[in-house]
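User: I am new to this structure and should like to understand the terms used to describe it. Please explain how each description is reached.

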Amino acid sequence: MGFVFSDQMLGTFVPIVVYWLYSGIYILLGSFENYRLHSKEDELEKNVVPKSTVVRGVLLQQTIQAVVAILLFKVTGNDGEVATAPKSWLTIVLQFIVAMLVLDTWQYFIHRYMHQNKFLYKHIHSHHHRLVVPFAFGALYNHPLEGLLLDTIGGALSFLVSGMSSRVSIFFFSFATIKTVDDHCGLWIPGNPFHVFFRNNSAYHDFHHQLYGSKYNFSQPFFVMWDRIFGTYMPYSEKRAGAGSEARVKED
């Protein structure tokens, strides 16, 4: 007798598994110095938190996310999805787009405010910026309150506003997870489709993590429209610096 996993369970736990699997790929690729935006020496020197602490912090956030996801599916009636007529591909694409826009909007304004409010930055958001040199599995390393407010509630809003089912959410949140990990991977790999289709990518977000870029490039994880609209967009270029690349201010 085989196990049957509900869409609710898959929607809750598949993105967590995807997070660690996709991060693992970048851990292996990180050994290629030519792809790195920062050297390994920079990572060891500038980051002020050990990776073991990062792992524990991410696992805590994912635990909170899982609890909220289960409760959300229960409240919305998506916990044991009754068979319904399958949605058209057009409907699913539109739900993806709406969810992406909602998530981007929420994260831009909350993220930017956490930089502008000195108390929130010092006591909450600075946890994430302890990783001056981002790496893949540190993507969700945040203060637990920030993780709840920025990521978990933002994800819940995108789910509710878009009207997606728990089955569709499996794919959307797995995609959003992959994109978030990619943005923090610290690598600039030629031909990476996320670099081709999204201006908001690993170099764009890496620039934000540097001291000279902390007032710019707040948008995440998909588009850059809010940065452009509110004047916080800073274009970058990937300049070769020895055996690697570095995201710097783009010179006209």
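Analyst: The turns below take up the overall make-up, then the helix pairs, then one loop of this predicted model.

User: What makes up the protein, from the N terminus on?

Analyst: The protein has 10 helices and two strands. The elements run α-α-α-α-α-α-α-α-α-α-β-β, with the helices ahead of the two strands. Buried residues account for 50% of the 252 residues. The accessible surface amounts to about 12900 Å², and carbon and sulfur atoms contribute 69% of this surface. Of the contacts between residues at least 6 apart in sequence, 69% join residues at least 24 apart.

User: Why is α1 called roughly parallel to α7?

Analyst: Helix α1 (residues 7-29) packs against helix α7 (residues 166-183) at an angle of about 20°, and their axes are 8 Å apart. Angles under 35 degrees count as roughly parallel, so α1 is described as roughly parallel to α7. Residues that take part on the α1 side include L10, V14, V18, Y22 and Y26, and on the α7 side I170, F173, I178 and V181 are among them. By class, this contact of α1 with α7 comprises 11 nonpolar, seven polar and three charged residues. The crossing of α1 past α7 is right-handed.

User: How do you know that α1 and α3 are roughly antiparallel?

Analyst: Their axes come within 9 Å and cross at roughly 160°. Since angles over 145 degrees count as roughly antiparallel, α1 and α3 are therefore given that description. The crossing of α1 past α3 is again a right-handed one. In α1 the contact involves residues including F13, I16 and W20, while in α3 V55, L59, I70 and F73 are among the partners. The contact of α1 with α3 divides into 11 nonpolar, four polar and one charged residues.

User: What makes α3 and α6 roughly parallel?

Analyst: Helix α3 (residues 51-76) and helix α6 (residues 144-162) pack at about 30°, with axes 10 Å apart. This angle is under the limit of 35 degrees, and α3 and α6 are therefore roughly parallel to each other. Their crossing is right-handed. Among the residues that meet are L60, I64, V68 and L72 in α3 and L148, A156, F159 and L160 in α6. The contact of α3 with α6 has 10 nonpolar, five polar and one charged residues.

User: Why is K215 called exposed, and where does K215 lie?

Analyst: K215 has a relative accessible area of 64%. Exposed means over 50%, so K215 is classed as exposed. K215 lies in the loop between α9 (202-209) and α10 (225-229). The C-alpha atoms of K215 and M234 are separated by 9.3 Å, although these residues are 19 apart along the chain.

User: How do you know whether N217 is buried or exposed?

Analyst: N217 also belongs to the loop between α9 and α10. Buried means under 20%; the relative accessible area of N217 is 0%, and N217 is therefore buried.

User: What makes the backbone at N217 and at the bond from Q220 to P221 worth pointing out?

Analyst: Most residues other than glycine have a negative phi, and most peptide bonds are trans. N217 is not a glycine, yet its phi is positive, at about 55°. The peptide bond from Q220 to P221 is cis, with omega near -5°. P221 is likewise found in the loop between α9 and α10.

Conventions: Residues are numbered from 1 along each chain as its sequence is written. This is a predicted model: local features need pLDDT of at least 70, side-chain atom pairs count only at pLDDT 80 or more; totals for chains, interfaces and linings use all residues. Side-chain values use heavy atoms; hydrogens and water are left out. Helices (H or I, at least four residues) and strands (E, at least two) are DSSP runs, numbered from the N terminus. Buried means under 20% relative accessible area, exposed over 50%, partly exposed in between (1.4 Å probe, protein chains only). Contact means heavy atoms within 4.5 Å. Accessible areas come from the Shrake-Rupley method with a 1.4 Å probe; for residues, only the protein chains shown count as cover. Axes are lines fitted to C-alpha atoms, for helices over the stretch in contact, and angles run from 0 to 180 degrees between N-to-C directions. Angles under 35 degrees count as roughly parallel, over 145 as roughly antiparallel, 65 to 115 as roughly perpendicular and the rest as oblique. A crossing is left-handed if the near helix is turned anticlockwise from the far one by less than a right angle, and right-handed if clockwise. Ala, Val, Leu, Ile, Met, Phe, Trp, Tyr, Cys and Pro count as nonpolar, Asp, Glu, Lys and Arg as charged, and the others, Gly among them, as polar.
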